[in-house]
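Reader: Hey, got a minute to walk me through this one? I'd like to start with how the helices pack.

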There are 2 protein chains.
Amino acid sequence: MDWCRIDQTRADELKEKIPVDEEMQDVAEFIRVFGDPTRLGILFYLRELPLCVHDLSLLTGMQQTAISHQLKVLRQMRLVKYHKEGRMAVYSLNDSHISQILDIGLKHTAEEVRND
Amino acid sequence: MDWCRIDQTRADELKEKIPVDEEMQDVAEFIRVFGDPTRLGILFYLRELPLCVHDLSLLTGMQQTAISHQLKVLRQMRLVKYHKEGRMAVYSLNDSHISQILDIGLKHTAEEVRND
DNA sequence: ATTATATATGAATATATATTCATATGTTCA
DNA sequence: TGAACATATGAATATATATTCATATATAAT
């Protein structure tokens, strides 16, 4: 191993500090759930109040099936929960970190005038 | 429009509160950058100290070209900056929100025992 | 009972994107 | 000057994933 700016000892120290592959994968999967505008829309609306699939579909302008599929992703990540009310399924947020991430995302894009 | 659990007035209020399509897209793009294990690895290492491409390649175990491509993505989102030192390019973090997001991701996956 | 409504889901399709390969540019060293 | 090194990037490929369509299930309404 031929390092540029660090030596082997420092490299070993660093590797100790950084999440191992599997954890890195988990963190990436978790964050990736927030990286889609449809899912983000769902989360922003559910942050305001619990909603059923149909209302989420109308609010976001997405087809019901698309919403259902994305709700499944959110459910699997345990970011949302739901209960049935008659034939409706009423979804709500189920994770304390969601609001933080949404706010950071909003804050960042508000600050940033991005181009390349 | 036939809502289930809200009326038209409430729906209009909600839509006012939620980011418009373009902003939603921007937020999603921003967060999505964190949703890849290779980029996450780079960010975790750069959080510790500035590093050159070669060292990042050795630390992460990824090919140099893969690192360069991902650094370009991070550069375009202005999450990292770099300066040249001779033939090296030394990268460092360039956004105050990065650490927060990394920590939330870590915290979440630490708490969560996730499956379906 | 029949019809309409609310939701879920498998399959197909289209699109995005991560990685590799080949290669170009610029720098250091012998 | 030539060889080795550090980095960047376009093209190709493979993989992931978001959406739609078709359809099934369950509940409500008439």
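Author: Sure, and keep in mind that this is a predicted model. Helix H2 of chain A, residues 21–32, and H6(B) have axes that come within 9 Å and cross at roughly 110°. That makes H2(A) roughly perpendicular to H6(B).

Reader: Which residues make the contact between H2(A) and H6(B)?

Author: From H2(A) there are Glu23(A), Asp26(A), Val27(A), Phe30(A) and Ile31(A). H6(B) brings Ile101(B), Ile104(B), Gly105(B), Leu106(B), His108(B) and Thr109(B). Sorted by class, the contact of H2(A) with H6(B) has six nonpolar, three polar and two charged residues.

Reader: OK, zooming out. How much area do chain B and chain A bury between them?

Author: About 5800 Å², and 68% of it is on carbon and sulfur atoms. Arg5(B), Ile31(B) and Ile104(B) supply 11% of the area that chain B buries against chain A, more than any other three residues. As for residues, the contact takes 62 from chain B and 62 from chain A.

Reader: What about polar contacts, how many residue pairs between chain B and chain A?

Author: The count is 16 residue pairs in polar contact.

Reader: And which elements of chain B touch chain A?

Author: Those giving two or more residues are helices H1 (8–17), H2 (21–32), H3 (37–48), H4 (53–60) and H6 (98–111), plus strands S1 (51–52) and S3 (88–93), in chain B. By class, the side of chain B that touches chain A has 32 nonpolar, 11 polar and 19 charged residues.

Reader: Switching to charges. How many salt bridges are there over all chains?

Author: Eight over all chains, and four salt bridges are found across the interface of chain B and chain A.

Reader: Can you give me an example?

Author: Glu85(B) forms one with Arg5(A), with the closest N and O atoms 2.9 Å apart. Glu85(B) lies in strand S2 (residues 80–85) of chain B and Arg5(A) in the segment before helix H1 (8–17) of chain A, so the pair joins two chains. There's also a salt bridge between the side chains of Glu85(A) and Arg5(B), at 2.9 Å, N to O.

Reader: Nice. Last thing, back to helices: at what angle do H3(B) and H5(B) pack?

Author: About 75°, with the axes of H3(B) and H5(B), the latter being residues 64–76, 10 Å apart. H3(B) and H5(B) are therefore roughly perpendicular to each other.

Reader: Who's touching whom there?

Author: On H3(B) the contact is made by Thr38(B), Arg39(B), Ile42(B) and Leu43(B). On H5(B) the contact residues are Ile67(B), Gln70(B), Leu71(B), Val73(B) and Leu74(B). The contact of H3(B) with H5(B) divides into six nonpolar residues, two polar and one charged.

Note on methods:
Residues are numbered from 1 along each chain as its sequence is written. Chains are lettered from A and ligands numbered from 1 in the order in which they are written. This is a predicted model: local features need pLDDT of at least 70, side-chain atom pairs count only at pLDDT 80 or more; totals for chains, interfaces and linings use all residues. Side-chain values use heavy atoms; hydrogens and water are left out. Contact means heavy atoms within 4.5 Å. Buried area is the accessible area (1.4 Å probe) that two parts lose on being put together, summed over both. A polar contact is a pair of N or O atoms within 3.5 Å; within protein, one must be able to donate a hydrogen and the other to accept it, and residues adjacent in sequence count only if both atoms are side-chain atoms. Helices (H or I, at least four residues) and strands (E, at least two) are DSSP runs, numbered from the N terminus. Ala, Val, Leu, Ile, Met, Phe, Trp, Tyr, Cys and Pro count as nonpolar, Asp, Glu, Lys and Arg as charged, and the others, Gly among them, as polar. Axes are lines fitted to C-alpha atoms, for helices over the stretch in contact, and angles run from 0 to 180 degrees between N-to-C directions. Angles under 35 degrees count as roughly parallel, over 145 as roughly antiparallel, 65 to 115 as roughly perpendicular and the rest as oblique.
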